Amino acid sequence: MSRGPDAPHDVQVGVASEAARRRTLAIISHPDAGKSTLTEALALHAHAIRQAGHVHGKAGRAGVVSDWQEMEKARGISISSAVLQLHHEGHVLNVLDTPGHADFSEDTYRVLAAVDSAIMLVDAARGMERQTRKLFEVCRHRRIPVITVVNKWDRPGLEALAVLDDIAAATGLRPTPLNWPVGIAGDFRGLLDTRRGDYVRFTRTPGGASLALSERMDAATAAREEGAAWAQAQEEAELLAVSGGEHDREAFLGHESTPVLFTAAVVNFGVAQVLDALAELAPAPTAQRVTGGGSREVDDPFSAQIFKIQAGMNPAHRDRLAFARIHSGCFQRGMTVVNARTQRPLVLKHVQTVFGSDRQTVDEAWPGDVIGLVNATHIQVGDTLAQAPVVAFPPIPAFAPEHFGAARALDLGKAKQFRQGLAALDAEGVVQVLHSDRRGHGEPVLAAVGPLQYEVAVHRMAHEFHAPLQIDPLPYSVARRVDTRHATLIDSGRGSELVVRSDGQALALFLDEWRLGTFQRAHPDVELLPVMGAD
Ligand code: GDP
């Protein structure tokens, strides 16, 4: 383990133990599976908030989390991610919110670059839905261990074994239930703890706004109290145990299995069990690979990576917040770090935590924590900030865009603002700005993972950079990395176009998979690589 020459021993011990008790995770799910409800329920159980309020004021209770942007309010969705820090039995849980809307954007993916594990939330009646699958693929790609939570068990739905089959088929992971529902979907009475063999029974509280009552009892009592429902749960749990469904830490961390828990977040059933599982199973921050070989240990000098930049979070201040995930060392307000990309020093003075619109100044933070740098200049998504010895973490992958549009300035007198605005949006990762020789500098191609990114770009170009633009959709849907020497070939084809990212990487755009296939067959010597693949 390399140690900073000046770091006193007790600081390193402090860093190691602070890192060890941290769990940094995101919840991935399809819209409506109950992510906001579960997030609030977790906060309620960890005593971060007194009463769970439904998001977006749906049920007339207090709105929570990430309602800060006008657009979010107007559309009732969350565009950007908030960070929620919970304390549970000596552990610190950093829960990074991911936008849940179907029009999700690259932000969702980037959040997954900043976590050590993920909760995959599945609606018991619907099983593995499209967006859950997409997000799971990112977890697989980045080797993020996944804990599965099957929610809405208070509603009629599939059989528990069928839900597990669906999860196994969609993810290729072996489900290892930590608990098993007693009572069929729609008649959720409690949970059989598969490792202890005992029973936790829940009783609803009106409206589910406060903790559900729970009582733990042994198997014999459970059998007496719940009769056939208990017998069935026990039988199914035993069946799973003999067919390899027992939790195994190595298999979980090695992305071979996924622990499964059952909940009804809306009535707070099974939520305490999720917190316990996170504390027990979710991995703590570990050493991170650095560019050029080697790694940064958690107790090495401070280092962090910017994974998201959010502008306009506070309309009154027109500010810009860069979110950094700490990988090593102790953050102390006022410290000087170096941006590894620019080699410029930066004093970390204005640093905040953000939970929705609620902000607090941070004086100290540890590996696994997320800090928000207010109005830090010359910072891009992917940048590493570090104290000597300065290292750089590998860039955050640029995800495969699926939507493309040609941008046109509506006010030709604002050419400079148009250029500068787009450069800023590109650096923040709001959209990818691609240069096309065919179209020239006046008409860059904007690429996005979700079309919502365009709305943000249009809004900000008009209001913040005063260079209104129009985005005309282009018919492409598939991008591949390619060498620029094939530019002419790609540009001369019908239904394909060559564009170049700001990092110099060329992309070949195709109308669809079919056109891509046709091109590839005609030119087998042209290497076309997935955008996310080897990044
Ligand atoms: P999100 O889009 O994933 O954030 O989902 P929400 O948390 O907004 O929940 C979507 C809907 O499902 C809301 O009407 C919730 O009240 C409801 N819901 C969430 N969890 C449960 C649950 O455990 N049981 C039932 N019956 N409804 C739930």
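Here, Ala, Val, Leu, Ile, Met, Phe, Trp, Tyr, Cys and Pro count as nonpolar, Asp, Glu, Lys and Arg as charged, and the others, Gly among them, as polar. With that in hand, the shell around the ligand breaks down into six nonpolar, six polar and five charged residues. What you're looking at is a predicted model, with 14 helices and 31 strands in its chain.

**The chain overall**
- Out of 535 residues, 50% count as buried.
- Take the contacts with a separation of 6 or more: 69% of them come from residues 24 or more positions apart.

**Around the ligand**
- The shell holds 17 residues, and Gly34, Lys35, Ser36, Thr37 and Val266 come nearest to the ligand.
- Helix α2 (residues 35–45) gives the largest share of that shell, with three residues.

**Domains**
- The domain assignment splits things into domain 1 (20–106 + 116–281), domain 2 (288–386) and domain 3 (403–530).
- Between domain 2 and domain 3, the C-alpha centres are 29 Å apart.
- Their contact draws on five residues from domain 2 and five residues from domain 3.
- On the domain 2 side of that contact, you'll find three nonpolar, two polar and no charged residues.

**A look at helix α12**
- Helix α12 (residues 452–463) has twelve residues, so at 1.5 Å a residue it should span 16 Å; the end C-alpha atoms sit 17 Å apart, which agrees.
- Its buried residues are Leu452, Gln453, Tyr454, Val456, Ala457, Arg460 and Met461.
- Covering those buried residues of α12 are elements including α4 (106–111), β14 (303–311), β24 (403–409), α11 (415–428), β26 (445–448) and β27 (469–474).

Note on methods: Residues are numbered from 1 along each chain as its sequence is written. This is a predicted model: local features need pLDDT of at least 70, side-chain atom pairs count only at pLDDT 80 or more; totals for chains, interfaces and linings use all residues. Helices (H or I, at least four residues) and strands (E, at least two) are DSSP runs, numbered from the N terminus. The expected span of a helix is 1.5 Å times one less than its number of residues. A residue is buried if 20 or more other C-beta atoms lie within 10 Å of its own, exposed if 12 or fewer, and partly exposed in between; C-beta atoms are placed from the backbone. Two residues are in contact if their C-beta atoms, placed from the backbone, lie within 7 Å. A residue is near a molecule or strand if its C-beta atom, placed from the backbone, lies within 6 Å of it. Domain bounds come from an automatic or database domain assignment.
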